[in-house]
Amino acid sequence: MKSKVSIVDYSQEHRSAIRRILERIGWAEQYITASEHNADVFSQNSNIYGVYIAIHRNVVIGFIYVQFHVWNQLATIQGLAVDPTEQRQGIASALVDKAEVFAQFKKARGIYVDTPVSNAKGRNFYQAVGYKCAYIMPRYYEDTLDGVTYQKFFENKGNGATVGDRYNT
Ligand SMILES: CC(C)(COP(=O)(O)OP(=O)(O)OC[C@H]1O[C@@H](n2cnc3c(N)ncnc32)[C@H](O)[C@@H]1OP(=O)(O)O)[C@@H](O)C(=O)NCCC(=O)NCCS
């Protein structure tokens with residue numbers, strides 16, 4: 001990773017950086033507003049959520065939100081972005097590592113994430129860091145925008161069977 005980058009807990013002083021990063025990426029306003037709101041709400045409940053930011057020379061250059069689900073012992077990446085000027089330097093990889101440490105500390109079995117099918121950067125990234133495509137969810141984001149879910153399990157306790165195999169009796 002880029003040198004001298006710290007991954008630290010989010011606090012309210014970092015709120016404006018989330019907007020700046022997402023505006024630079026070009027996200028629609030509804031997603032930016034939701035992301036700011038989520039950072040504030042999630043960071044109030046550290047039992048269930050991890051909210052982390054990447055800082056380089058006192059500037060916030062990326063963030064990640066991770067949620068632990070008690071009922072099925074899985075975690076979800078609820079948001080991840082890196083400033084466009086700082087991409088391809090391992091920042092998102094470091095943020096995902098931190099999210100996975102949070103999830104494993106909670107004894108999660110694995111972690112999953114949803115992204116638009118059209119998000120080639122995001123899809124390439126998740127595959128590069130070991131996430132497998134699980135399923136497509138039609139109309140998940142909008143009527144004309146499907147979602148795709150990627151997942152990673154922390155250890156393979158089974159026999160390596162795929163989901164499809166499991167239902168072939
Ligand atoms: C997806 C995103 C978070 C990746 O951040 P990043 O800091 O550039 O990622 P990393 O530098 O850790 O990339 C690790 C690996 O992922 C893959 N990867 C990352 N971005 C990629 C791209 N644009 N095209 C192809 N592969 C890519 C590469 O294999 C890369 O390793 P390499 O640079 O040695 O080839 C960033 O592009 C981003 O913020 N995108 C907009 C928001 C988004 O899509 N968030 C995720 C889905 S919600």
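Let's start with a pair of helices: α1 and α2 are roughly antiparallel to each other, because the angle between them is about 150° and anything over 145 degrees counts as roughly antiparallel. Keep in mind that this is a predicted model.

Two packed helices are described by the angle between their axes and the distance between the axes. You already have the angle; as for the distance, the axes of α1 (residues 15-25) and α2 (residues 29-42) lie 10 Å apart. The crossing of α1 past α2 is right-handed.

Who actually touches whom here? On the α1 side you'll find Arg15, Ile18, Arg19, Leu22 and Glu23, and they meet Tyr31, Ile32, Ser35, Glu36, Ala39 and Asp40 of α2. Sorted by class, that contact holds 5 nonpolar residues, 5 charged ones and 1 polar one.

Now zoom out to the whole protein chain. It has 5 helices and 7 strands, and reading from the N terminus the order is β-α-α-β-β-β-α-β-α-β-β-α. The chain is as compact as a globular protein of its length, because its radius of gyration is 16 Å, close to the 15 Å that the globule rule gives for 169 residues. If you're setting up a box, the C-alpha trace spans about 55 × 40 × 30 Å along its principal axes.

That leaves the ligand. There are 18 residues around it, and the closest are Gln87, Ala92, Ser93, Gly122 and Ala128. Which elements each supply at least two residues of this shell? They are β4 (74-82), α3 (91-105) and α4 (120-128). Of the elements, α4 gives the most, with 5 residues. As for chemistry, the shell around the ligand divides into 8 nonpolar and 8 polar residues, plus 2 charged ones.

Note on methods
Residues numbered from 1 in each chain as written. Predicted model: local features only at pLDDT ≥ 70, side-chain atom pairs only at ≥ 80, totals over all residues. Near = placed C-beta within 6 Å. Helix = DSSP H or I, 4+ residues; strand = E, 2+ residues; numbered from the N terminus. Nonpolar A, V, L, I, M, F, W, Y, C, P; charged D, E, K, R; others polar. Axes fitted to C-alpha atoms, helices over the stretch in contact; angles between N-to-C directions. Parallel < 35°, antiparallel > 145°, perpendicular 65-115°, else oblique. Left-handed = near helix turned anticlockwise from the far one by under 90°. Contact = placed C-beta atoms within 7 Å. Rg over C-alpha atoms; globule rule 2.2 N^0.38 Å.
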